[in-house]
Amino acid sequence: MQDQAAHSVGQSHDSYRFDGRQTALAIDAAAPVASWRADVLERKGLDVPRDWEGLLKLAKKGLVVFPAISIDSLMNFYMFCLAHGEDPFTDGEKVVSEPAGRAALESLRELAALCRPEIFQWNPIKVYEAMAAAGDDIGYCPFAYGYSNYAREGYAPHLLTFGDLITFGGRGGRGRLRSTLGGTGLAVSSACRHKAEALSYVQYAASSGIQRTLYTESGGRPDTARPGRMRRPTAVPEAILPARARHWTGLT
């Protein structure tokens with residue numbers, strides 16, 4: 001527990017604590033980050049957008065995508081509630097006030113209307129696969145849960161660069177967008193027939209030594225490790241630690 005508290009990223013360890021009990025150990029941390037094809041933007045003479053207005057200008061050129069399946073849209077909704085000046089779930093009766101909720105949805109609609117309809121079937125992996133594929137029709141993704149393996153040379157046809165989210169003015173805006181914590185945790189069922197072995201594996205998988213070596217070097221998926229060195233991202237490295245396809249922080 002002390003190792004987890006000291007070495008897990010951000011609040012990923014604390015996010016599994018309910019009613020004074022630790023219900024799982026974090027083996028993964030994730031948060032939406034920006035990503036782009038530097039070669040595409042360079043060929044087209046375009047810069048990486050730094051704010052909402054710049055993002056919309058780039059989206060009007062047809063070069064922007066983001067994951068918009070249900071779970072990612074929900075996470076983006078939370079993010080834009082914050083951007084419009086209101087923290088979700090501060091009221092025990094509702095998620096957010098109607099004005100803030102409407103403003104958040106309008107911001108998402110404004111951007112999605114400028115993107116291809118396929119994004120509503122894309123999760124982050126599909127976004128990155130499309131971005132990293134051959135071609136230059138996609139240049140930028142403003143927010144998607146990060147997978148560090150796409151920043152590794154040799155993993156995909158083209159390298160992706162990861163960095164900070166854009167700034168957002170908006171009504172009551174708070175500067176840079178704040179995304180939603182995600183990741184994966186491991187827990188052992190009380191009905192497990194081999195509890196000792198299961199607990200041993202959980203402790204092993206969640207240890208800082210494994211997190212810093214095997215897990216990170218494998219892009220967050222040890223079964224799909226590929227050769228290649230990590231290219232240092234423009235954002236702090238912790239922002240793009242490996243992520244899995246599941247982004248909720250409760251038990252699954």
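This passage describes a strand pair, a neighbouring loop residue and the nonpolar cores of a predicted model. In this predicted model, local features need pLDDT of at least 70 and side-chain atom pairs count only at pLDDT 80 or more, while totals for chains, interfaces and linings use all residues. Residues are numbered from 1 along each chain as its sequence is written, and side-chain values use heavy atoms, with hydrogens and water left out.

Strand β5 spans residues 140–145, strands being DSSP runs of E of at least two residues and helices runs of H or I of at least four, numbered from the N terminus. Because six of its six residues are buried (under 20% relative accessible area, with a 1.4 Å probe and protein chains only), β5 is largely enclosed by the rest of the structure. Strand β4 (residues 32–36) runs antiparallel to β5 and is joined to it by four bridges, where pairing requires at least two DSSP bridges; Trp36 has Tyr140 of β5 as its bridge partner.

Arg37 lies in the loop between β4 and α2 (38–43) and, at 0% relative accessibility, counts as buried. Its side chain makes a polar contact of 2.8 Å with that of Asp39, such a contact being a pair of N or O atoms within 3.5 Å, of which, within protein, one must be able to donate a hydrogen and the other to accept it, and residues adjacent in sequence count only if both atoms are side-chain atoms.

The largest nonpolar core (buried Ala, Val, Leu, Ile, Met, Phe, Trp, Tyr and Cys residues joined through side-chain atoms within 4.5 Å) has 52 residues, and Tyr140 is among those with the most contacts inside it. The largest share of this core, seven residues, comes from α4.

Notes:
Buried < 20%, exposed > 50% of the residue type's maximum accessible area, 1.4 Å probe, protein only.
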